[in-house]
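Q: I have a structure open and do not know where to begin. Can you walk me through how to read it?

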Amino acid sequence: MASGNWPQGVRIDPVTGALAPETGHYTKRLSELRHIFHDAPALERAVAQQADPVVYDVAEYRQPDSDLYFGTTTIFPGTVGDEYYMTRGHFHERPDAAEIYSALHGTGVLLLESRTGENKIVEMTPGVTAFIPPEWAHRTMNVGRDNFVFLWACSPTAGHDYSQILKKGMRQLLLQRDGRPELVPNPNWS
Ligand code: M6P
Ligand code: ZN
């Protein structure tokens, strides 16, 4: 049921990802992303030497009694060893829950992996919108020198299932090789 100021327009700053108004916000620092990056010593060095930098920031806008919510994710530029700053990556808990990602600023890569092990990558630059099908894990990396900002929208009951990626990782890693992103098989995937 609409109430108060809702329905309303939400202003998005494409460079910072800030939403006005927003209904929620969180930040992930490097120390909260242990086991996500493959080079554990490089991660510990960066946590110590760079005062535990913020890797990404998520702002959201949700309203009650609705089957849709949206937000922005801002991944800051950076690497941990040879791996680009990235999100944890997740499947949705609900097997019919899809999502869209739409690039607003910077240069990113969306890495997709199905339950049966197929992989896809989508280069995310402003103007590109990706459809993430149900039952495909999704993780995004910032492969540029500026903030990578994208808009996302999905069901608030989609749920985040991190268990498989935390346990096994994803089958492919996107590494910086000669200054450029290259997809390589994850040697630690099990
Ligand atoms: C996107 C959305 C969010 C997600 C965020 C960070 O913005 O899919 O639902 O939380 O990315 O990704 P993750 O939770 O995998 O770290
Ligand atoms: Zn998702």
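**Reading the model, feature by feature**

A: Start with one residue and its surroundings. Leaving aside neighbours within four places in sequence, Met141 is in contact with Ile75, Tyr84, Tyr85, Met86, Thr107, Gly108, Val109, Leu111, Phe148 and Leu174. Keep in mind that this is a predicted model.

Q: Is Met141 buried or exposed?

A: The general idea is a cut-off: buried means under 20% relative accessible area. Met141 has a relative accessible area of 2%, so Met141 is buried.

Q: In which strand is Met141 found?

A: Met141 is found in strand β13, residues 136-142.

Q: How far is Met141 from Val10 in space?

A: Look at both the chain and the space. Met141 and Val10 are 131 residues apart along the chain, and their C-alpha atoms are separated by 25 Å.

Q: Which strands share a sheet with β13?

A: Read a sheet as an order of strands, then look at its edges. Here three strands form an open sheet in the order β11-β10-β13, and the pairing is antiparallel. The edges are β11 (119-124) and β13; each has a single partner strand, so one side of each is left without a neighbour in the sheet. Direction ignored, neighbouring strands of this sheet are turned by 20° against each other on average.

Q: How many bridges join β10 to β13?

A: Strand β10 (residues 108-114) and β13 run antiparallel and are joined by seven bridges. Take one pair as an example: Gly108 has Asn142 in β13 as its bridge partner.

Q: What is the order of the strands in the six-stranded sheet?

A: Read this sheet in the same manner. Its order is β3-β4-β5-β14-β9-β12, the sheet is open, and the pairing is antiparallel. At the edges stand β3 (24-29) and β12 (129-132), each pairing on one side only. From one strand to the next, the twist averages 20°.

Q: How do I step across that sheet?

A: Go pair by pair, from β3. Six bridges pair β3 with strand β4 (residues 54-61) in the antiparallel sense. Among these partners, Thr27 faces Asp57 in β4 as its bridge partner. Next, β4 and β5 pair over six bridges, again in the antiparallel sense. There, Ala59 stands opposite Thr72 in β5. Then β5 and strand β14 (residues 148-154) pair in the antiparallel sense over seven bridges.

Q: What follows β14?

A: Strand β9. Six bridges join β9 to β14, and the two run antiparallel. One facing pair is Ala103 and Phe150, the latter in β14. Four bridges then join β9 to β12, also antiparallel. In this pairing, Ile100 stands opposite Phe131 in β12.

Q: Why is β5 said to be largely enclosed by the rest of the structure?

A: Count the buried residues along the strand. In β5, six of the seven residues are buried, so the strand is largely enclosed by the rest of the structure. Try the count on β9 (residues 99-105) too: five of its seven residues are buried, and the strand is mostly covered.

Q: Can we look at one residue of β5 more closely?

A: Take Thr74, which has its place in strand β5 (residues 69-75). Its relative accessibility is 2%, so Thr74 counts as buried. In β14, the bridge partner of Thr74 is Val149.

Q: What does Thr74 touch?

A: Apart from its neighbours within four places in sequence, Thr74 is in contact with Thr16, Gly17, Val55, Tyr56, Asp57, Asn147, Phe148 and Val149. With Thr16, look at the atoms: a polar atom of the Thr74 side chain lies 2.9 Å from the backbone oxygen of Thr16.

Q: Which residues are the protein donors of the zinc ion (ligand 2)?

A: For a metal site, list the donors, then the distances, then the angles. The zinc ion (ligand 2) has His90 (NE2), His92 (NE2), Glu99 (OE) and His138 (NE2) as protein donors, lying 2.0 to 2.2 Å from it. Their spacing in sequence is H-x1-H-x6-E-x38-H.

Q: What do the angles say about the site of the zinc ion?

A: The angles among its four donor atoms are 87 to 158°, and the site is irregular. Four donors count as tetrahedral if all angles lie between 85 and 135 degrees.

Q: Are His92 and Glu99 buried or exposed?

A: Apply the accessibility cut-off again. His92 has a relative accessible area of 4%, so His92 is buried. Glu99 is at 5% relative accessibility and counts as buried.

Conventions:
Residues numbered from 1 in each chain as written. Chains lettered and ligands numbered in written order. Predicted model: local features only at pLDDT ≥ 70, side-chain atom pairs only at ≥ 80, totals over all residues. Heavy atoms only, no water. Donors = N, O, S within 2.8 Å, 3.2 Å for Na, K, Ca; no water. Tetrahedral: all angles 85-135°; square planar, octahedral: opposite > 155°, others 65-115°. Buried < 20%, exposed > 50% of the residue type's maximum accessible area, 1.4 Å probe, protein only. Pairing = 2+ DSSP bridges. Axes fitted to C-alpha atoms, helices over the stretch in contact; angles between N-to-C directions. Polar contact = N/O pair within 3.5 Å; in protein donor to acceptor, adjacent residues only side chain to side chain. Contact = heavy atoms within 4.5 Å.
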